[in-house]
Every structure is written in C-alpha cells, then in structure tokens.
Amino acid sequence: MKKTLIFMAISAALIATAQKPTEQAEREARMRVEMEEAMNRYYANADTCIYGVRYVFDYLYNKTQGKRFLEDRIVLVRPEQTLDMSWEGIGEHRWRMKNPDPNTGDMTLHYRLTPDFYFYDILTDSLQTVYRVLTEEFDMGTRHLANDWKISDRTETVSGFPCRKATLNRGGREWTAWFTSELPYAAAPRDFGGLPGVIIELCDSDGEVRWHFFGTENNLADHKLYIKHPEKYASATPEEARLIIKLYGRSEPRYVQESGIYDKLPKYVPEMMRPSTGLDACNIDNPIVRE
C-alpha cells in the first residue's frame, strides 16, 4: 500500500511537471497573438519605413566624474522623412521573437531608453521633437534646421562604406560627419539633417558626443518598422513638458509602479513604457548644446 501511494505521488508530480511547459507555451502563444493584435491597432495608419539605420549614441554627459552615456538608437528612413528614436522597444521585441524565454534579454545592446522622437521632414528641412511619458505625448515644437554643412573632397572608408567628410558649427560645438551614398536616401541622427546621404559617423571636435554606425535593420514579414506620428498631444507647453520630463526621468521605478498608473495603460504596447533609465535620469554638467 505504501509503495502504491509513493508511486501515485511520484506519477502525479511527473504529470504536473510535464504540464507546466505545455501551459507556459500556451500562455506565450496567447501573449504573442495579443501583442500582434495590439501592434496592428497601434500602427494601423502609420507609414512603413524603407529600412532603419542603427547608431550607438556615446556621450560624455558628466565631465567632472568622467561619466559616459551609451544608448542604442535607430533612424527610420523614408524618401521624404526620417524618425530618430530609441531602439530599445524594437530591439526587445525582435529579441523576444527569437528568444521566448521571459527571463532573458539581449545584453549586447545598450538599452538606455530615452523616449524622445525626432521627425525630420527632408523636403522642408524641418524637425519636430516629440517626447513620450507613458501614454502622454508632448509636442516640443518644430523648427527649420538650415544646417550649414561644409562638404569637403576628402574621402575615407568608414564602417565598410565609402564616405565623404562634412563639417558643421552648431550649438557651440564643431562637428565632423562622414556620410555615404551607398545606402538609400538620406538619414542623420537627431538634428543633423541636410547632407545628401546617410551619416555613418558623427562626432564633435572634443570627442565628447558621438554617433557610431551599428548596422541597418530591415522590415520583417512578421514585424514591420513604422514611422508613427502621435494621434494627439498632451495639453502642455514645451516649458511645462520639460519640467514633467525631468521629474519623470528622475523618478524611482518603484514610485511609478506603486502609483497605480500602469493599471491604466493598455495591456500591451509596441514600445517599452516605463520611467526613463536614459539621458533624462543623468546628472548632466556637459550639455550637448552649449549655447
């Protein structure tokens, strides 16, 4: 009798253990379907980009303490428009598509989410800056760039691409860019548009701010790259928004978690939305724009 009970207990344990992977696989399958549906709704009216140019943004944000900030970013490219945004949400999603284990992540990437978006209109040479705090999106204004690039005859191979050198004085810094015509259309990080090609390397003369070319990303059959414009903006002035962003960036994740605000968010969102661990949480004594 005792042996029978032991056998039954072991059998039940083995059955329960065998069921767990099946239940987990079913949960993950349902989650993937729900995420796909959420993404389809979110990007229903968005433009598909042609491809994306990835950079590592490298910034000596605190000279006193010698602290550098690294962030993976991507510039999504269309013939008439580009969008500079964090790579984190896209990269995390693509990692999960290949690696369903919820306890892992792609540690080769510099995941420092800074939820700002730079929409550059190539035809009008204008840049709109948008900032997201959870589901609220703030219009930080649109301005004409008019970058006075000086293109030289000097050429070099940079990251495997034949490039030309261009220089620019902007924001109290002297910038050097290496750009190529080997990639389609024109693309540049942040507010450095205006060159007839794709910037591969961009750095200030002091070596304090730099964008390194990391690679290109293409649309996948089951994951497109979209340029998504906000459907509405929060009713705040840029000055008010900057104050909110500063408070948000410096907030402890636990504080935001306990506030209950996450309970009001959609179940799934295409990009990661959480308190910034990026640039806005840093103590900056060396601003990019010195003027």
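**Notebook: cysteines, sheet and chain totals**

I looked for disulfides first and found zero in the structure. The model is a predicted one, and I read every entry below with that in mind.

I then checked two cysteines. Cys49 has a relative accessible area of 2%, and Cys282 comes to 11%. Buried means under 20%, so I entered Cys49 as buried and Cys282 as buried too.

Next I counted the secondary structure and got four helices and 13 strands for the chain.

I traced the sheet strand by strand. It is open, has 11 strands with antiparallel pairing, and reads β7-β6-β5-β4-β3-β2-β12-β11-β10-β9-β8. Which strands stand at the edges? I found β7 (136–144) and β8 (150–158) there; each has a single partner strand, so one side of each lacks a neighbour in the sheet. Ignoring direction, I noted an average turn of 25° between neighbouring strands of this sheet.

I took one pair from inside that order for a closer look. Strand β2 covers residues 51–62 and strand β3 covers residues 67–77; they are antiparallel and share 11 bridges. I looked up Phe57 and found Glu71 in β3 as its bridge partner.

I also looked for what lies over the β7 end. Helix α3, residues 238–250, lies across β6 (126–133) and β7, and I recorded an angle of about 130° between α3 and β7.

Last, the totals. The chain has 291 residues, of which 43% count as buried. I put its accessible surface at about 16,200 Å², with 54% belonging to carbon and sulfur atoms. Among contacts with a separation of 6 or more, 62% join residues 24 or more positions apart.

Conventions
Residues numbered from 1 in each chain as written. Predicted model: local features only at pLDDT ≥ 70, side-chain atom pairs only at ≥ 80, totals over all residues. Heavy atoms only, no water. Disulfide = S-S within 2.5 Å. Buried < 20%, exposed > 50% of the residue type's maximum accessible area, 1.4 Å probe, protein only. Pairing = 2+ DSSP bridges. Helix = DSSP H or I, 4+ residues; strand = E, 2+ residues; numbered from the N terminus. Axes fitted to C-alpha atoms, helices over the stretch in contact; angles between N-to-C directions. Contact = heavy atoms within 4.5 Å. Areas by Shrake-Rupley, 256 points an atom, 1.4 Å probe, with all protein chains shown as cover.
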